[in-house]
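Student: Could you take a close look at one part of this model, the central sheet, and then follow it out to its surroundings? Please keep it brisk and give the cut-offs as you go.

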Amino acid sequence: MTAPDEAAPAAVRLSLRYDLRAPEFGTPADALYAAALEQCAWADGVGFDTVSLSEHHGSDDGYCPSPLIMAAAVTARTTSLRVLVAALVLPLHDPVRLAEDLAVLDLVSGGRVDLVIGAGYRPDELAMFGRTMEERVALVEEGVAVLRTAWTGEPFEHHGRPARVTPRPKRPGGPTLLLGGATKAAARRAARLGDGFLPVDPSLWPVYAEERARLGLGPGPPPPPPGPLFLHVADDPDRAWASIAPHALHETNSYGRWLTSAEGIARYTPTDDADGLRAAGIYAVLTPDECIAMATASGSLGLHPLMGGMSPDLAWESLDLVGSKVLPALGHRA
């Protein structure tokens, strides 16, 4: 029992993230997917809370285009780890078919999959599915409405066609639908349509909260605390960075090219300066003690173990140190 003058360690939120980029110079896609599932099983066993899976299409490096299939695989290998699809690009999906897939996923996962809904920001990706930048917001509005109606299990009409989605999801009302975004309009839309908001820029949170208050709604769940985009734990950070740097450059340059015309999203900047990228702090390679201090201060620990097609062996070196040195110090089982 904790002595009266001794504070129990505050709970630190533990999360993983995967987008499964597989550039030619990195790990092949089949090995990355297998490693991601193994790592999720490990994370489930040591008390991680969440794994986030992302969606993009037509990427040269094979960025995961099917996060719902990956989510089903993850939940089959785990018992308590929650899966957050962040983000699902709603305008690229038929909302009735998506409602069916998500209802089944909710059932087979035991209600462990939640979603962040995005509108998309890549014109070529939207064009691949016959969509345009101009119609994406309307498609999000329509899609969210269809999902919520579909999950009642009652008949309805969609574009003049009769529709009914069965079975119903495990959770009444279906999976949690957060909305993502990088603009004030997106924040207000999330307040009106979503179960929460995941802003790209934390400074948008007050806009979301103000709109919730104006609508007579509660404050909604708070955004996660900010942290580095990538965190690797190593006894010798300089040595580890030499192996990580090509993958970090690939990721920041790939996202940076996509985001050059995206309003309000600026966390990734194209560069060929690996040392400058590391110095910026968004790709952090820390000793176990440094990681413990960061996690304790922020209340969260987020890992992106296979970033940019990194070797699973290199990723496991970090995860082994997290399990053996970091988690015990944070009050988690190892």
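**From the sheet outward**

Tutor: Ala-87 lies in strand β3. Helices (H or I, at least four residues) and strands (E, at least two) are DSSP runs here, numbered from the N terminus. Ala-87 is also one end of a cis peptide bond, shared with Ala-86, with omega about 10°.

A word on the source. The model is predicted, so local features need pLDDT of at least 70 and side-chain atom pairs count only at pLDDT 80 or more, while totals for chains, interfaces and linings use all residues. Residues are numbered from 1 along each chain as its sequence is written, and side-chain values use heavy atoms, with hydrogens and water left out.

Now the sheet. It is open and holds seven strands, in the order β8-β7-β4-β3-β2-β1-β11, with parallel pairing. The edges belong to β8 (196-199) and β11 (300-303); each has a single partner strand, so one side of each lacks a neighbour in the sheet. From one strand to the next, the twist averages 25°. Helix α2 (residues 67-77) packs on this sheet and touches β2 (50-53), β3 and β4; its direction makes about 175° with that of β3. Contact here means heavy atoms within 4.5 Å. Axes are lines fitted to C-alpha atoms, for helices over the stretch in contact, and angles between N-to-C directions run from 0 to 180 degrees.

Next, β4 itself. It spans residues 113-118, and six of its six residues are buried. Buried means under 20% relative accessible area, exposed means over 50%, and partly exposed lies in between (1.4 Å probe, protein chains only). The side chains alternate: Val-113, Leu-115 and Ile-117 point one way, Asp-114, Val-116 and Gly-118 the other, and all are buried.

What flanks β4? On one side, β3 (residues 82-89) pairs with β4 in the parallel sense over six bridges. Two strands count as a pair if DSSP finds at least two bridges between them. In this pairing, Val-83 stands opposite Val-113. The chain gets from β3 to β4 through helix α3 (residues 95-109), and this β-α-β crossover is right-handed. Right-handed means that, with the strands pointing away from the viewer, the path from the first strand over the helix to the second runs clockwise. Strand β7 (residues 177-181) is also a parallel partner of β4, joined by three bridges. There, Ile-117 stands opposite Leu-179.

Follow the loops next. Pro-167 sits in the loop between β6 (161-163) and β7. A cis peptide bond joins Thr-166 to Pro-167, with omega about 0°. His-159 is in the loop between β5 (156-158) and β6. Its phi is near 55°, a positive value in a residue other than glycine. His-159 is exposed, at 55% relative accessible area. Leu-20 also has a positive phi, near 60°, in a residue other than glycine. Its place is the loop between β1 (13-18) and α1 (29-45). Leu-20 is buried, with a relative accessible area of 4%.

Aromatic rings come next. Rings of Phe, Tyr and Trp (its six-membered ring) pair if their centres lie within 6.5 Å; planes under 30 degrees apart count as stacked, over 60 as edge-to-face and the rest as tilted. The count by this rule is nine aromatic pairs. For Trp-205 and Tyr-208, the ring centres are 4.7 Å apart and the planes make 40°, so the pair is tilted. Both residues lie in helix α7 (residues 205-214), three residues apart, about one turn of the helix. Trp-205 counts as buried, at 17% relative accessibility. Tyr-208 is buried too, at 0%. Glu-211 lies in α7 as well and is buried, with a relative accessible area of 11%. Leaving out residues up to four places away in sequence, Glu-211 touches Arg-188 and Ala-191.

One aromatic cluster is formed by Tyr-63, Tyr-255, Trp-258 and Tyr-268. Two arginines cap rings in this group. The charged end of Arg-21 sits over the ring of Tyr-255, 4.4 Å from its centre. The charged end of Arg-122 sits over the ring of Trp-258, at 4.0 Å from the centre. A charge sits over a ring if NZ of Lys or CZ of Arg is within 6 Å of the ring centre and within 35 degrees of the ring normal.
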